[in-house]
Amino acid sequence: MSQGACATSLWVADGLSPQNLSPHLRLLKDANGDLTIDDILTSDSPSWSVLADGEQANFGFSTAAYWVAVTLRNPSSQPLELVIRQDYPLIDYLDFWQPGADGAWQHVATGDRRPFQTRPLDLRDFVFPVTLAAHTTQTFYFRFQTAGSMNIGLNVHSNTAFLPKLAQEQILLGIYYGGFLVLVIYNLFLFLAVRDKAYAHYMGYAISYGIYFGIHNGVSFQYLWPDNPWLANQSLVFLLGLTLIFGTQFVRTICNGAQLAPHTDRVARWLMFLLVPLTAISPFVSYGPMVLSLAILTLVLTVLFMVMGVISVLRGSVPARYFLVGWSALLVCVVIYMLKTFGLVPHNGFTHNAFQVGALIEMVLLSLALGARVGEIQRHGYVDQLTGLYNRRYFDEQLQREFLLAQRSGTPLTLMVLDLDHFKAINDRLGHARGDEALRAVGQLLKKQLRKPVIACRYGGEEFAVLLPRTDSNAASTVAQRLRIAVAQMEFEDAALSVSIGVSNFAGKGFASAVQLFEAADKSLYQAKAQGRNRVVFEPAGNETFLSNGL
């Protein structure tokens, strides 16, 4: 700002589109907040300032009051109906003076520390109707004082231009908050279906976030508690804290932080323990220091969550991928908004609403992350945690499915049942931990050797099952021998590993059910065990049996 300079008056006309008043403002900083309108009108003080070209009246957190003067000129022969609008609603005390027809000054005292009814128009922003007589020049005065961020965003337009813009804004706000509501309801039904705590955290996060932005936009004060200025102000910091608490819990859950990023998760947990009492006392503590503290914590947690997301993605988490994209969008928007809050970038439509747009994008992507989490939970329900193969539950479902498909289509289906030889001796000699390592090693070998559509499962204990859809006897025999040899060649400390394999094949006849197919393969396995282990016994549908081994 430059001191002692004069701001140019703004010439207005009928049908005036929204005009930013920043280039036409005169500003006076009242450090002690004790100047009155009489002091302003009678003083020729040179301490009035104007903004430099492109500069905005955004002063961050300030305890000072700011006086603003703006001069409008109507060169036409008709009086003009105008509205002057302050587009940032979080101003504690906002006073407005305009000259009256009798020469006296008309005073409007409003702000979000005063009841909503003090506003000239019942709108979420501060809107002041003025009438500018023909061939006149008038100066209007404002006094701003707030414990939050001092953003002076004044513009002027005609009544005819203001109403269409207001209608458009209302539609956009309806779409915005409607989007939040749809996401909450949708995930509520999913929560009732799957009972996963991540959905509860998401709903708490979305609801807190949505109401927080309602306060931020002035909508909550307008519709929820217009007669309670204290609640309108203190609920802002409380809901911000609540949003951070639910958000922390959601991110820790969706990224599986305790398992995939334990160190980062521990820091997030301690920060959440700090947030809980801070949020609880926030309605009873001075607004300025509290919102500043929560703003800093927001930035810290945003970066921390980004780190947790990256670690989780690198360690294979699918839900964390969606989270990371959504959180990246929000991170950019948070930084922009915080820079605006501290007065480091201009206050305008983009910087003021960037946080909200980023939040809605993030909410959509987090909902997708929840969907991926359900898929991951379902997969975990089908996966054996020791070997990484599918478990018996999955095998039973797929065996029935593939058997019916083979019956209908007449295609071959082969089933192999493998058993790790002398497994009890491995446990007794080397210990159960080494026995688990042997099972894990065999499981990894099966995953490496077999490709879709082959399905490898851990059936139970030291027994494995392999389904080979659309595979005939000759191809299955080749696969079985390859697996037997690969296991026998594995190096596992002092223990020699080997497997016995029983095979059965369905070629459109011989087996009436999937259970009979499995029993045939199991019978072949026991024959392989009885005949010396480390061998393959193949029993096709016609009960012909052949024996093969590497001896």
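Reader: Is threonine 302 buried or exposed, and what is its relative accessible area?
Author: This is a predicted model, and in it threonine 302 is found in helix α8. The cut-off for a buried residue is under 20% relative accessible area. Threonine 302 is therefore counted as buried, with a relative accessible area of 2%.

Reader: Leaving aside its neighbours within four places in sequence, which residues is threonine 302 in contact with?
Author: Contact is taken here as heavy atoms within 4.5 Å. With the neighbours within four places in sequence left aside, threonine 302 of helix α8 is in contact with Trp327, Leu331 and Val334.

Reader: Which residues lie nearest the centre of the second largest cavity?
Author: The count comes to six cavities of 30 Å³ or more, and the second largest of them holds about 110 Å³ of space. Helix α8 is one of the elements that give two or more residues to its lining, together with α3 (197-217), α5 (229-254) and α9 (318-341). The lining divides into 10 nonpolar residues, four polar and no charged. Of the 14 lining residues, those nearest the centre are Tyr205, Tyr209, Leu244, Thr298 and Trp327.

Reader: Which helix gives the most residues to the largest nonpolar core?
Author: In soluble globular proteins, nonpolar side chains tend to be buried together. The largest nonpolar core of this model has 96 residues, and Leu72, Ile84, Phe142, Phe144, Ile152 and Tyr209 are those with the most contacts inside it. The element that gives the most to this core, with 11 residues, is helix α8 (residues 287-314).

Reader: How many residues are in the other core, which includes Phe423 and Leu497?
Author: This other core lies apart from the largest nonpolar core, and Ile426 and Val442 are also among its residues. Its residue count is 32.

Reader: Which residues is phenylalanine 142 in contact with, leaving aside its neighbours within four places in sequence?
Author: Phenylalanine 142 is one of the residues with the most contacts inside the largest nonpolar core. Once the neighbours within four places in sequence are left aside, its contacts are Tyr66, Trp67, Val68, Val70, Ile84, Leu94, Asp95, Phe96, Trp97, Phe128 and Leu154.

Reader: Why is strand β16 described as largely enclosed by the rest of the structure?
Author: Strand β16 covers residues 455-460. It is largely enclosed because, of its six residues, the number that are buried is five.

Reader: What is the phi of glycine 461, in the turn between β16 and β17?
Author: Strands β16 and β17 (residues 463-469) run antiparallel and are joined by five bridges, with glycine 460 standing opposite glutamate 463. The two strands form a hairpin with two residues between them, and glycine 461 in the turn has a positive phi of about 55°.

Notes. Residues are numbered from 1 along each chain as its sequence is written. This is a predicted model: local features need pLDDT of at least 70, side-chain atom pairs count only at pLDDT 80 or more; totals for chains, interfaces and linings use all residues. Side-chain values use heavy atoms; hydrogens and water are left out. Buried means under 20% relative accessible area, exposed over 50%, partly exposed in between (1.4 Å probe, protein chains only). Two strands pair if DSSP finds at least two bridges between them. A nonpolar core is a set of buried Ala, Val, Leu, Ile, Met, Phe, Trp, Tyr and Cys residues joined through side-chain atoms within 4.5 Å. On a 1 Å grid over the protein atoms alone, a cavity is a set of points where a 1.4 Å probe fits but cannot get out, and a pocket is an open set with protein on both sides within 12 Å along at least five of seven lines; lining residues have an atom within 4 Å of a point. Grid points are joined across faces, edges and corners, and a volume is the space filled by probe spheres set on the points. Ala, Val, Leu, Ile, Met, Phe, Trp, Tyr, Cys and Pro count as nonpolar, Asp, Glu, Lys and Arg as charged, and the others, Gly among them, as polar.
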